[in-house]
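Grab a pencil and work through these exercises with the model open beside you. Each one sets a task and then walks through a solution.

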Amino acid sequence: MIFAIVGICVLLAVLAFLLPRLSRHPERGTQRTLGAGSRAGGKAPGILGRILSKPFRSSSKAVGRSGSAGRRARGRMPF
């Protein structure tokens, strides 16, 4: 699962660098999917719910950061 998230982050960063506007839809779709996993894990009782939902929350943050980093790098290009 870790390799899948890393692969998605790299793919989104490259897509955001090459096609900034078109990268938003895949980024939001990925975050929506990870959010659903986080909500499902959070339904477990007590501390177990927080433990099960944390990987999905941190993965969603990573996806958002990689997409914004690609768009930011594109904006800093001199040409």
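**Exercise 1: the salt bridge**

By the rule used here (a side-chain nitrogen of Lys or Arg within 4 Å of a carboxyl oxygen of Asp or Glu), the count comes to one salt bridge. This is a predicted model, where local features need pLDDT of at least 70 and side-chain atom pairs count only at pLDDT 80 or more, while totals for chains, interfaces and linings use all residues. Residues are numbered from 1 along each chain as its sequence is written, and side-chain values use heavy atoms, with hydrogens and water left out.

Task: find which side chains meet in the salt bridge, and say which helices they lie in.

Solution:
- Step 1. The partners are Glu27 and Arg71, at 2.8 Å from N to O.
- Step 2. Glu27 belongs to helix α2 and Arg71 to helix α3 (residues 47-75), so the pair ties together parts 44 residues apart in sequence. Helices here are DSSP runs of H or I with at least four residues, strands are runs of E with at least two, and numbering starts at the N terminus.
- Step 3. Now check burial: Glu27 is buried, and so is Arg71. Buried means under 20% relative accessible area, exposed means over 50%, and partly exposed is in between (1.4 Å probe, protein chains only).

**Exercise 2: the overall layout**

Task: list the elements of the protein from the N terminus on, and give the box that its C-alpha atoms fill.

Solution:
- Step 1. Count the elements: three helices and zero strands.
- Step 2. Read them off from the N terminus and you get α-α-α.
- Step 3. Along the principal axes, the C-alpha atoms fill a box of roughly 55 × 20 × 20 Å.
- Step 4. Of the 79 residues in the protein, 29% are buried.

**Exercise 3: how α1 sits against its partners**

Task: work out whether α1 is roughly parallel or roughly antiparallel to α2, then do the α1 and α3 pair.

Solution:
- Step 1. Two packed helices are described by the angle between their axes and the distance between the axes. Axes are lines fitted to C-alpha atoms, for helices over the stretch in contact, with angles from 0 to 180 degrees between N-to-C directions.
- Step 2. The α1 and α2 axes come within 10 Å and cross at roughly 155 degrees. That makes α1 roughly antiparallel to α2. For the labels, under 35 degrees counts as roughly parallel, over 145 as roughly antiparallel, 65 to 115 as roughly perpendicular and the rest as oblique.
- Step 3. For α1 and α3, the axes come within 7 Å and cross at roughly 25 degrees. These two helices are therefore roughly parallel to each other.

**Exercise 4: neighbours in the loop**

Task: decide whether Leu22 is buried or exposed, and do likewise for Ser23.

Solution:
- Step 1. Place Leu22 in the loop between α1 (2-18) and α2 (24-42). Ser23 sits in the loop between α1 and α2 too.
- Step 2. Leu22 is exposed, at a relative accessible area of 58%, whereas Ser23 is buried, at 1%.

**Exercise 5: two helix residues**

Task: decide whether Ile5 is buried or exposed, then whether Val63 is buried or exposed.

Solution:
- Step 1. Ile5 lies in helix α1, and Val63 is found in helix α3.
- Step 2. Ile5 is buried, with a relative accessible area of 15%. Val63 is buried, with a value of 1%.
- Step 3. The C-alpha atoms of Val63 and Gln31 are separated by 7.1 Å, though the residues are 32 apart along the chain.
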